[in-house]
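Work through the exercises below with the model open beside you. Try each task before you read its solution.

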Amino acid sequence: MQGWEQSDTMTDPYYLTPRWRRLRERILRRDGYQCQIALRYGKHVQATHVHHIFPRDLYPEYEWQPWNLISVSGEAHNMLHDRTTGVLTSAGVELMERTRRRLGGVPPGQPPKT
Ligand SMILES: [Zn+2]
């Protein structure tokens, strides 16, 4: 099971835990319930998903880091993951690289200084 959050095919019990549900709600509130991908293009779209920028399976150390989470619409989320395998698309990888640059490089295993 790779990085799908709240998708139709979701079976990972992680997304059912109260801890995740609380954090997810916090991120949506932080982002004003707006899709942050659409917002980059000046569009206001309601966010329904919270995406892990650095995928959980590859970067479990960033799993609970608010900086690693972003509110997105279902449509934007489908563009960040391959629908069948759940792995990041080039757009998903680009978002990861952009985040890494924005944070001044994230060393593996260490949270970035914010
Ligand atoms: Zn995702």
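Two strands pair if DSSP finds at least two bridges between them. Keep that rule at hand for Exercise 2. The model is predicted.

**Exercise 1. Take stock of the chain**

Task: Find how many helices and strands the protein chain has, and in which order the elements run.

Solution.
Step 1. Count the elements. The protein chain has 4 helices and 2 strands.
Step 2. Read from the N terminus. The order is α-α-β-β-α-α.
Step 3. Check the confidence. The mean pLDDT of the protein chain is 87, and 83% of the residues score at least 70.
Step 4. Look at the elements one by one. Strand β2 has the highest mean pLDDT, 98, and α4 the lowest, 93. Where pLDDT is low, the predicted coordinates should not be read in detail.

**Exercise 2. Match the strands**

Task: State in which sense β1 and β2 pair, and over how many bridges. Then name the bridge partner of H49 in β2.

Solution.
Step 1. Locate the strands. Strand β1 covers residues 49–52, and β2 covers residues 69–72.
Step 2. Give the sense. β1 and β2 pair in the antiparallel sense, over 4 bridges. The rule asks for at least two bridges.
Step 3. Match residues. V72 in β2 is the bridge partner of H49. H51 stands opposite I70.
Step 4. Sort the directions. In β1, H49 and H51 point one way, while V50 and H52 point the other way. In β2, L69 and S71 point one way, and I70 and V72 the other. This fits a general pattern: in a regular strand, side chains alternate between the two faces of the sheet.
Step 5. Note the burial. All four of these β1 residues are buried. So are the four of β2.

**Exercise 3. Compare two leucines**

Task: Decide whether L69 is buried or exposed. Do likewise for L28: buried, partly exposed or exposed?

Solution.
Step 1. Place the residues. L69 lies in strand β2. L28 is found in helix α1.
Step 2. Recall the cut-offs. Buried takes 20 or more other C-beta atoms within 10 Å, and exposed takes 12 or fewer.
Step 3. Apply them to L69. It has 23 C-beta neighbours inside 10 Å, so L69 counts as buried.
Step 4. Apply them to L28. It has 18 other C-beta atoms within 10 Å, so L28 is partly exposed.
Step 5. List the contacts, leaving out residues up to four places away in sequence. L69 touches I27, V50, H51 and H52. L28 touches Y33, A47, V50 and S71.
Step 6. Set sequence against space. L28 and V50 are 22 residues apart in sequence, but their C-alpha atoms are 7.2 Å apart.

**Exercise 4. Find the faces of a helix**

Task: Which residues of α4 are buried, and which are exposed on the other side?

Solution.
Step 1. Size up the helix. α4 (residues 90–102) has 13 residues and reaches 18 Å from its first C-alpha to its last, close to the 18 Å expected at 1.5 Å a residue.
Step 2. Name the buried residues. They are G92, L95 and M96.
Step 3. Look down the axis. The buried residues of α4 fall within an arc of 100 degrees, so they line one face of the helix.
Step 4. Turn to the other side. There S90, E94, E97, R98 and R101 are exposed.
Step 5. Find a cover. What covers the buried residues of α4 includes α3 (74–80).
Step 6. Go past the end. Just after α4, G104 takes a positive phi of about 75 degrees.

**Exercise 5. Build the core**

Task: How many residues has the largest nonpolar core, and which element supplies the largest share?

Solution.
Step 1. Count. The largest nonpolar core has 15 residues.
Step 2. Name those with the most contacts inside it. They are C35, I53, V72, A76 and M96.
Step 3. Trace the suppliers. β2, α3 and α4 each give at least two residues to this core. The largest share, 3 residues, comes from β2.
Step 4. Follow V72. Leaving aside neighbours within four places in sequence, V72 is in contact with C35, Q36, I37, A47, H49, H51 and H77.
Step 5. Put the core in context. In soluble globular proteins, nonpolar side chains tend to be buried together. Of the 114 residues of this chain, 25% count as buried.

How values were computed:
Residues numbered from 1 in each chain as written. Predicted model: local features only at pLDDT ≥ 70, side-chain atom pairs only at ≥ 80, totals over all residues. Expected span 1.5 Å × (residues − 1). Arc of directions from axis to C-beta. Contact = placed C-beta atoms within 7 Å. Core = buried A, V, L, I, M, F, W, Y, C linked by C-beta atoms within 7 Å. pLDDT = per-residue confidence, 0-100.
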